[in-house]
Amino acid sequence: MTTRLTVGQALVRFLGGQFSERDGVERRFFGGCFGIFGHGNVAGVGQGLLEERRARAQALPYYMARNEQAMVHAAVGYARMHDRLRAFACTSSIGPGATNMVTGAALATINRIPVLLLPGDVFATRAANPVLQELEDPRSYDVSVNDAFKPVSRYWDRINRPEQLPAALMAAMRVLTDPAETGAVTLALPQDVQAEAYDWPDELFDPRIWHVARPVPEPAALARAAEILREARRPLIVAGGGVIYSGAAAELADFAASTGIPVSETQAGKGALAWDHPCAAGAIGATGTTAANALAREADVVLGIGTRYSDFTTASNTVFADPSVRFVNLNVAAFDAAKRPGQALIADARAGLAGLRTALTGWSVPEAHRAEAARLVAGWNATVDRAYSLGHGPLPAQSEVIGAVNDIAAPRDVVVCAAGSMPGDLHKLWRARDPKGYHVEYGYSCMGYEIAGGLGVKMAALEADGEGPAREVFVLVGDGSYLMMAQELVTAVQEGVKLVIVLVQNQGYASIGDLSETVGTQRFGTRYRYRSERTGGLDGDVLPVDLAANAASLGADVLRANGIEEFRVALRRARDSDRTTVVHVDTDPLAPAPGSAAWWDVPVAEVSRLDGTREARARYDKDKQTQRSYL
């Protein structure tokens, strides 16, 4: 039997019938479709969404977005909160609507998060070439702007004929539901093909369950990994995002307690172990704690679990300093497991930890290593206490703002951030108490992710509230990121999805300003100032920008706080409200957070007439000597 539908209608009906399953729990895979309509998708996918909504219960509900990049960020926040077991589709018009999603695609792929992108494309028949917003490439009429998605997608296809759609959909679902392969999937849809009718086999629309496997470690590899760990005297665990996506937090806590191995965390892995667990050493790397980094420098064996070993995690290959250090890399993806020499253990994090737990029965680290880790962590905890109650004035330090949010947030609440100086400070200072309580996008560190990502996080949290007390979502965003992308405030208001947004005003790019000083460029181009008639530079008076008024104009409630005590009062009011609320607070961009005693490789100009740049180069050359390769 067949059913005659357009390509757009068939696509929507298929997506509404897809389910994922892990550990016996089934869930509808697509939570919905974000979209902004224009020519190229309004008559195809848009019409299909309308018709499906009118014809049956909403298997694929539609959500209106305000910015194409932002809707992909919201989809990423949603999928990450669901441990990659649910996802969103995003549809755009052709041309600029499509290319606006490229940044979001890169973010999703870098972070290993599933999202389905459905950009409109030019006519497959070329009947009206060149159409509005078409890129004319003289080398080939088969090229469109959607080819820009190829390097940032895990799977890419263009549907030039209706007959191609079923195979492309199956391939897309295979990638989206594979923990080792997932990322952005792009199906470019020519606008004439979207509206074309075809007789589809009815089985295409039957409900389909995609089983998400938990690969178990190969026995010989497990035995070799256990042997390496048994020989360790100063081992360290690096817990990455794979621990959380696997749902392996309890297994990690049990494994750490039984072996005594201290646990450090990447940005994606923060929260995998509660901050006050006896083995928790905190954040590692360039934005890490002094405790974790000290343990890393002395580690003779590093057990990486679900980490991709980014340069921030490894402090640009300086933090693992023992000349004979060995690595055991437990990862579901062979690509990531092979990034450091040693023993690769290709497996799901939970299954791999269970195997290692059994293989290491009766073994634990030397008591001296436990004692040293406890001493270092106690010292760091005292540092955090001081940073939270700094008493800096008249404008508070950013660390005090973080401390106030951490104190007021409940254990299951979520903090969301992405770019600027805030992610580094959060990584070091935030005391995570729940595996889903820390959501910082630092794979791509994309300015503008925060509010959109927070929208997706809250949408997912609302769906899962039956699993425990409701989660508040606290979005921490600086003025620079807010100006990049605040539009999804409108979507949150429209959908009644309540967020608490902490808008930190420091009059410019504080993070890059600090980095600029370390590389000898004197905060050039990082402060929001009028151009000075006297100097010709951007060093005049502060700009009269009122971001709180802007947020109010977008429909959010706004509270202004002067000083840290007012901020605490306003934050409690925002938490207790049932409406999206922005709490605006001015901070001192020059108030430093505690250092990590680690390095990040940002090259400095080798020659310069500026004393500051020459001094920075001398420091860089010295630090560069500690960098190593692992062969």
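## Helix H5

Of the nine residues in helix H5 (residues 102-110), seven are buried, so this helix is largely enclosed by the rest of the structure. The model described here is a predicted one. The buried positions in H5 are Val102, Gly104, Ala105, Ala106, Leu107, Ala108 and Thr109.

These buried residues pack against three other helices and two strands. The helices are H3 (68-81), H4 (96-99) and H17 (449-463), and the strands are S7 (115-121) and S9 (184-190). Just after H5, arginine 112 has a positive phi of about 60°.

## Aspartate 336

Arg112 is also one of the residues touched by aspartate 336. The others, leaving aside residues up to four places away in sequence, are Thr307, Arg308, Tyr309 and Asn331. Aspartate 336 belongs to helix H12 (residues 334-337).

With a relative accessible area of 6%, aspartate 336 is under the 20% limit and therefore counts as buried. Its side chain makes a polar contact with the side chain of lysine 339, at 2.9 Å.

## The six-stranded sheet

An open sheet is built from six strands in the order S19-S18-S20-S21-S23-S22, and the pairing is parallel. Strand S19 (438-440) and strand S22 (557-561) are at the edges with a single partner strand each, so one side of each has no neighbour in the sheet. On average, neighbouring strands of this sheet are turned by 20° against each other, with direction ignored.

Three bridges connect strand S18 (residues 414-417) and S19 in the parallel sense. Valine 415 has tyrosine 438 in S19 as its bridge partner. Helix H22 (residues 564-576) packs on the sheet. This helix touches strand S20 (473-478), strand S21 (500-505), S22 and strand S23 (581-586). The direction of H22 makes about 165° with that of S22.

## Nonpolar cores

The largest nonpolar core has 57 residues. Which of them touch the most other members? They are Phe320, Leu426, Leu476, Val502, Phe567 and Leu571. Helix H14 (residues 367-388) gives the most to this core, contributing seven residues.

Leucine 476 has contacts with Ile402, Val405, Val415, Val416, Cys417, Met422, Leu426, Glu450 and Val502, when residues up to four places away in sequence are not counted. A second core, separate from the largest, consists of 55 residues, including Met81, Val102, Leu499 and Leu547. Val102 is among the buried residues of H5.

## Aromatic pairs

Across the whole structure, a search finds 13 aromatic pairs. One of these joins phenylalanine 34 and tyrosine 63 in a tilted arrangement, with 5.9 Å centre to centre and 50° between the planes. Phenylalanine 34 is in strand S4 (residues 30-35) and tyrosine 63 is in strand S5 (residues 62-64), so this pair ties together parts that are 29 residues apart in sequence. Both phenylalanine 34 and tyrosine 63 are buried.

Tyrosine 63 also pairs with phenylalanine 88, again tilted, at 5.6 Å centre to centre and 55° between the planes. Because tyrosine 63 lies in strand S5 and phenylalanine 88 in strand S6 (residues 87-92), the pair ties together parts 25 residues apart in sequence. The relative accessible area of tyrosine 63 is 19%, and the residue is buried, while phenylalanine 88 counts as buried at 1% relative accessibility. Ring pairs link Phe34, Tyr63, Tyr78 and Phe88 into a cluster.

## The three-stranded sheet

Three strands form another open sheet, in the order S3-S2-S11, with mixed pairing. Strand S3 (25-28) and strand S11 (208-211) are its edge strands, and each pairs on one side only. Here neighbouring strands are turned by 30° against each other on average, direction ignored.

Strand S2 (residues 18-22) runs parallel to S11, and four bridges join the two. Glutamate 21 has histidine 211 in S11 as its bridge partner.

## Arginine 534

Is arginine 534 buried or exposed? Arginine 534 is exposed, with a relative accessible area of 74%. This residue is placed in the loop between helix H20 (510-518) and helix H21 (547-553).

Along the chain, arginine 534 and serine 608 are 74 residues apart, and a distance of 25 Å separates their C-alpha atoms.

Technical notes:
Residues numbered from 1 in each chain as written. Predicted model: local features only at pLDDT ≥ 70, side-chain atom pairs only at ≥ 80, totals over all residues. Heavy atoms only, no water. Buried < 20%, exposed > 50% of the residue type's maximum accessible area, 1.4 Å probe, protein only. Polar contact = N/O pair within 3.5 Å; in protein donor to acceptor, adjacent residues only side chain to side chain. Contact = heavy atoms within 4.5 Å. Pairing = 2+ DSSP bridges. Axes fitted to C-alpha atoms, helices over the stretch in contact; angles between N-to-C directions. Core = buried A, V, L, I, M, F, W, Y, C linked by side-chain atoms within 4.5 Å. Phe/Tyr/Trp six-rings, centres within 6.5 Å; stacked < 30°, edge-to-face > 60°.
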